[in-house]
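User: Please take a close look at one part of this model, the main nonpolar core and the sheet around it, and set it beside the other packing that can be described.

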Amino acid sequence: MSDNGRKVIELPAAVTVRQLADLLKASPIDIIKGLMSNGVMATINQQIDYDAAAIVISEMGYDAQPIAVIEEEKEEEKVSTAEWRKLIEHESEEDLILRPPVVTILGHVDHGKTSLLDAIRHTDVAAGEAGGITQHIGAYQIIRNQRSITFLDTPGHEAFTAMRARGAQATDIAVLVVAADDGVMPQTREAAAHAKAARVPIIVALNKIDKANASPDRVKQQLTDIQLTPDEWGGDTMVVPVSAKKKEGIDDLLEAILLTADDLKMKANPKTAAAGTVVEAQLEKAKGVMATLLVQNGTLHTGDVIIAGMVSGRIRRMFNDHGGVVEEAPPSTPVSVLGLSDVPVAGDIFRVVESDREARTLVAERKLATKEAEAKPAQAMTLEQVFEKFKAGEMKELALVIKADVQGSLEPLTNSLKKLSTDDIKVNILYGEIGNITENDVMLATASKAIIVGFAVQADAAATRLAEKNGVSIRLYDVIYRLTEDVEKALKGMLEPEYEEVLIGKAEVRLVIRIPKIGNIAGAYVRDGELKRNATVRVMRGGQKLFEGKLSSLKHVKDDVREVKQGFECGIGVDGFESFRTGDLIEFYVKQRKEVE
């Protein structure tokens, strides 16, 4: 209530007529009439500003109060969780602790991902799944050598990348499952490309090593071909032989994960408010909204108010991966929670806020921003815009997804593009494969801010729609040199310009003129080129440089001039130098951008 006893209605900076009617529990027609009587014409779905809304609700017997917009929180939301490691830079060093690694298992559909996870968890997940397809995305934690490891069980790299596209970087380490009898398959290459694009270390689990037709060396050679050279062959990829079926090599795989985690030294602050990623969520008839959350920084408590995307709520109960009730969840811990108002989207970022009111405010702001964004279709980033982002310091590489019609086109195309990299700007080919451009390619490009280039291929209808929605540029070519030429032009534009000094004119000092209160200036004759006022000048005597600086004046007869050409006389004043002598040379230089060869 306000001081005058009237009910206070909190209003955002802008609100639609329908939303205002809902707030007041009034008819939209009454709202429209009130606006019209105050000279404002609006339809039911049209937005009106705070002042107009405040006048209407005042006439209806309420007082308006602006919802406090918390700028700090809004700014934080702009930070993508692809930068989770950067978030902890703001934490005090003494508050940071090592946290458990979060691992995602990726690979070809029949190579044993679920069976491997089953072997790790010692629970029979695979037997309960129809056709071996993962039915449920979850997160599980195990203990190895008194240390925790968290596993995300995703149905494939598509979900892994879809989460990245929403801003979530939930994975620290990727385990790529490759069957020792089957070898590297197209889905294997895709999964590896998606993990590399996420910039997470890859450990290869060489599964089905127990099979009679297993060929480990052949598979290792195939891995080398996709830039995953085994460490025993001088590379930096750990390749661990395992048999998920016989539960062999599992301990070695877990040791490899912990060794990689030791190198990463992942840290988090358990004392701060929790933040992390929504792993999965669904509506259950008996319980309501159940959401699996992965805490990545801070500690989550029962009773905390959280916001996740455009959903908020107060956590009523939390369950660990065994179904037990827990009161708190430290960093890298997955928990299922009850209490959210609606079902969030997998990959949404969640964090704890101070109050229900703050959560509602932020949700309202986000919904409004989303509607405005949907009204403006996303614009695909062109090669020219990549250059602009480079100039602004936002990117140091050109990320590409390459699709070609045949292997004979793909290899020379990929090699040609790689050769365009320089010390300053790199061509990063996230993924190169034969076949038409698919939705999966667009998801990878979306998550990695890449451009898709296709040679002698087409983009299917679904991919085209998704690219338009997400603002991904698809460029199609029928001639290889035109493709490489376009990329080369973009890279030349992206290179920071180099400048060189160019001598544009010389003047010979023929007399020294003393001007009271100003000092000495040189009466000079332009021997070569032209003199320009904005140039750098060097005073030379006997071939030695006496002084370098800027002009203080340039005159022809008595007039100030911007330039003096060869064959004319002029007066030259140099800022900070007066010791001219007859016969001195004054050289004029300008900086010019070097042409990229």
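Analyst: The account below begins with the core, moves to the sheet and its helices, and ends with other parts of the chain. The model is a predicted one, and the description should be read with that in mind.

The largest nonpolar core has 26 residues, and those with the most contacts inside it are Leu 116, Ile 120, Phe 151, Leu 253 and Ile 257. Two or more residues each are given to this core by strand S6 (102–107), helix H6 (113–121), strand S7 (138–144), strand S8 (147–153), strand S9 (173–179), strand S10 (202–207) and helix H10 (250–264). Of these elements, H10 supplies the largest share, 7 residues. In general, nonpolar side chains tend to be buried together in soluble globular proteins.

Leu 116 can serve as a viewpoint from within: leaving aside residues up to four places away in sequence, Leu 116 touches Ile 105, Val 175, Val 177, Ala 205, Val 242, Ala 244, Ile 250 and Leu 253. Another core, of 22 residues, lies apart from this one and has Ala 507, Ala 522, Phe 580 and Ile 586 among its members.

Now the sheet. Six strands form an open sheet in the order S7-S8-S6-S9-S10-S11, and their pairing is mixed. S7 and strand S11 (239–241) stand at the edges with a single partner strand each, so one side of each has no neighbour in the sheet. From one strand to the next, the twist averages 30°. S7 and S8 run antiparallel and are joined by 7 bridges; within this pairing, Ile 142 has Ile 149 of S8 as its bridge partner.

Helices pack on this sheet as well. H6 touches S6, S7, S8, S9 and S10, and its direction makes about 145° with that of S6. Helix H9 (residues 216–225) also packs on the sheet, where it touches S9, S10 and S11, and its direction makes about 155° with that of S10.

A helix pair can be described next. Helix H8 (residues 186–197) and helix H14 (residues 439–448) pack at an angle of about 15°, with their axes 10 Å apart, and the two are therefore roughly parallel to each other. Their crossing is left-handed, and the contact is made by Glu 190, His 194 and Ala 197 of H8 together with Asn 440, Leu 444 and Ser 448 of H14.

Further along the chain is strand S24 (residues 451–455), which is largely enclosed by the rest of the structure because 5 of its 5 residues are buried. Ile 451, Val 453 and Phe 455 point one way from S24, whereas Ile 452 and Gly 454 point the other way. S24 pairs in the parallel sense with strand S22 (residues 397–404) over 5 bridges, and Leu 400 stands opposite Ile 451 in S24. A parallel pairing over 4 bridges also links S24 to strand S25 (residues 474–477), with Ile 452 opposite Ile 474 in S25.

Last comes a single residue, Val 17, whose place is in helix H1 (residues 17–24). Val 17 has a relative accessible area of 0% and is therefore buried. Not counting residues up to four places away in sequence, Val 17 touches Pro 28, Ile 31, Ile 32, Leu 35, Ala 42, Thr 43, Ile 44 and Gln 46. Val 17 and Gln 46 are 29 residues apart along the chain, yet 6.2 Å separates their C-alpha atoms.

Notes:
Residues numbered from 1 in each chain as written. Predicted model: local features only at pLDDT ≥ 70, side-chain atom pairs only at ≥ 80, totals over all residues. Heavy atoms only, no water. Core = buried A, V, L, I, M, F, W, Y, C linked by side-chain atoms within 4.5 Å. Buried < 20%, exposed > 50% of the residue type's maximum accessible area, 1.4 Å probe, protein only. Contact = heavy atoms within 4.5 Å. Pairing = 2+ DSSP bridges. Axes fitted to C-alpha atoms, helices over the stretch in contact; angles between N-to-C directions. Parallel < 35°, antiparallel > 145°, perpendicular 65-115°, else oblique. Left-handed = near helix turned anticlockwise from the far one by under 90°.
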